[in-house]
Amino acid sequence: MSRLDFKTKSRAQKTVDGLYMDLERRIIASPPGQCPVDMAESFLSLCHAQSCGKCVPCRLGIAQMLKILTEILDLNSNIGLDKLELLERTAKTVSTAADCAIGKEAGRMVLKGLSGFRDDFEEHIKNHRCVPYIADDRQPVPCVADCPAGVDVPGYSALVRAGRYDDAVKLIRKDNPFPTVCAHICEHPCEHRCRRQLIDSPVNIRGLKKYAVDNCSEVVPIPAKADDTGKTVAIIGGGPSGLTAAYFLALMGHKPTIYEKRGHLGGMLRYGIPNYRLPRERLDWDIDSILSAGVEVVLEYDPEKHGTMEEIMAKNDATYISIGAHTHKAIRIDGEYLHGVVPAVEMLRGIGDNAMPDFEGKSVAVIGGGNVAMDVARTAKRLGASEVNIVYRRRRDDMTALPEEIDGAIAEGCNLMELKAPVRIEGDEDDNVKALIVQPQIAGAADSSGRPKPVAANSPEEVIPCQIIISAIGQGIDYSDFKNTGIPIDERRGLFVANKANETIDNPGVYAGGDCVTGPSTVINAIAAGKVAAANIDEYLGFNHEISVDVEVPLPAIEDKKPCGRAELRLRYAHERGNDFYGIEQGMSLEEALQEAGRCLRCDYNGFGYFRGGRVLKW
């Protein structure tokens, strides 16, 4: 008889491990609009199955909570709201008294649900149904539901597969007039809950969009405009949100005029995103299409020449404020005003106007962990910096930058210095930057964002020699021109106040959206805000124009959807792309695009999408 056995997984355990992976993919692919009470019961059932049964709070407590949830969901049961009080008391007891994390976290999960969607619990108890928004707002196509602009993803994927690239671009423009921009830089939230993950991995939606715009005609006509309404709309700010609103308002027959502070349109698309990520000629292609709808533009806006904000708002029938977030936030450490400390937004703004800084042979430190920090770090390397260090006070896992942006910066030669909090900047006798002093950190308890809060480590300060320091720790808005207009401003957050319809409070006809309302966000969120503003301004002006497109989408092919690898967009070699500002991304081949489009499950036609009309033909 053996003294010890080498442990191997049984066939049953291997199968269970595979089922766990299947379950994880299923949870990731859960679309918005599902009943949260039903989901809570399912999660709690899993917790109950995981319990070892050793301690009473876990063994009996989870079972009792599960029993209460089952009664709440039972259409034939008549229970009172006192059941919620019992559920809450039980959850508190289990989360406090259970021996291990299985029971403790099960109790906390129930408490989180009672706090986050108590109305849903009460609606089930009182009326035996989900709250109305579940039924009213449920979009059966996950990619469409998760796209802030509501772009018809399955539709244009099918059109790419059919080789109808112009029609694919037209369909995208129904909801988003920036198909080329989003093909290059969108953070593709549409992929997060792609139902293809139930089989293997999400469809490369952004890659298919890029294939469409790379292969469409040089000019893809925009839809015909509605009859002239005689109404004028002032758009303050020529970034993605303002341009989107102007485009749709022009199609509706109104006369939008964009007032832009700088010499070119595009906002942060031009003055915040480097050319290697978004080539200027591709940006201009989208902007030219938008202007062709009949949008008037006033560049280099001057209050003395073109009128104050009050005068502009007074002479137009409606106004949309979309000035973006173009100011930098202070680092708030000693030495931040030394020569050589450069705010990231100012550096990128200068590059947008073709004013390239001189970093040749200099050591550069970048403070921050977002996409802007990665952009300026990679840009500094392209401008000849001898060394680029990205200094971040948290861990890499806590960075807000996209993983591919972090990987790209490291591949191009930038150094990532995690858990280093800037303390002060030291200068030489001429007040030029000499070094950045940092304090090592450790990852502590989670803060309100869910990320571990950095705490000073019991270690000495470290010196990072450098001649240039680029601060990329956040952006703000400059609302000085609007202080006397009566538009509400949250001065604590430094943002305009507007509701979900983009209406400003107590200012009929004045709307605001994009980064100046939400704070720095994504391009697709800004585009979505412009779309919302256009629809509501049109209604405010007394109309109900509809935006649609005359494109027939092919029916899905009848085929077995077997597991298949995802086609990824390839990058130019790091040692090549890191030395120039040409585009870094290579599009798919025809073979890859056809395979990737064929991976789409066509949720707009299949499953619940068919019954709920998965395609939104107009808005």
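Two colleagues discuss cavities, a helix pair and a buried helix in a predicted model.

Modeller: This is a predicted model, where local features need pLDDT of at least 70, side-chain atom pairs count only at pLDDT 80 or more, and totals for chains, interfaces and linings use all residues. Residues are numbered from 1 along each chain as its sequence is written, and side-chain values use heavy atoms, with hydrogens and water left out.

Biologist: Why are H3 and H6 called oblique to each other?

Modeller: Helix H3 (residues 56-73) and helix H6 (residues 118-127) pack at about 60°. Angles under 35 degrees count as roughly parallel, over 145 as roughly antiparallel, 65 to 115 as roughly perpendicular and the rest as oblique. H3 and H6 are therefore oblique. Their axes lie 8 Å apart.

Biologist: Which residues make the contact of H3 and H6?

Modeller: H3 brings Leu69, Ile72 and Leu73, and H6 brings Phe121, His124 and Ile125. Contact means heavy atoms within 4.5 Å.

Biologist: What makes helix H18 largely enclosed by the rest of the structure?

Modeller: Burial. Buried means under 20% relative accessible area, exposed over 50%, partly exposed in between (1.4 Å probe, protein chains only). Eight of the nine residues of H18 (residues 344-352) are buried, so the helix is largely enclosed. Among the buried ones are Met347, Leu348, Arg349 and Ile351.

Biologist: What covers the buried residues of H18?

Modeller: The cover includes helix H14 (268-271), helix H19 (371-382) and strand E14 (468-471). Asn354 follows H18, with a positive phi near 65°.

Biologist: What makes a space in this structure a cavity?

Modeller: On a 1 Å grid over the protein atoms alone, a cavity is a set of points where a 1.4 Å probe fits but cannot get out. Four of 30 Å³ or more are present. The largest holds about 120 Å³, and the second largest about 80 Å³.

Biologist: How do you know which residues line the largest cavity?

Modeller: Lining residues have an atom within 4 Å of a point. The largest cavity has 15 of them, with Cys143, Cys194, Val203, Cys600 and Cys603 nearest its centre. H9 gives the most, three residues.

Biologist: How many residues of each class line the two cavities?

Modeller: Ala, Val, Leu, Ile, Met, Phe, Trp, Tyr, Cys and Pro count as nonpolar, Asp, Glu, Lys and Arg as charged, and the others, Gly among them, as polar. The lining of the largest cavity has 11 nonpolar, one polar and three charged residues. That of the second largest has 10 nonpolar, one polar and one charged. Lys209, Asn176 and Ile524 are among the residues lining the second largest cavity.

Technical notes:
On a 1 Å grid over the protein atoms alone, a cavity is a set of points where a 1.4 Å probe fits but cannot get out, and a pocket is an open set with protein on both sides within 12 Å along at least five of seven lines; lining residues have an atom within 4 Å of a point. Grid points are joined across faces, edges and corners, and a volume is the space filled by probe spheres set on the points. Helices (H or I, at least four residues) and strands (E, at least two) are DSSP runs, numbered from the N terminus. Axes are lines fitted to C-alpha atoms, for helices over the stretch in contact, and angles run from 0 to 180 degrees between N-to-C directions.
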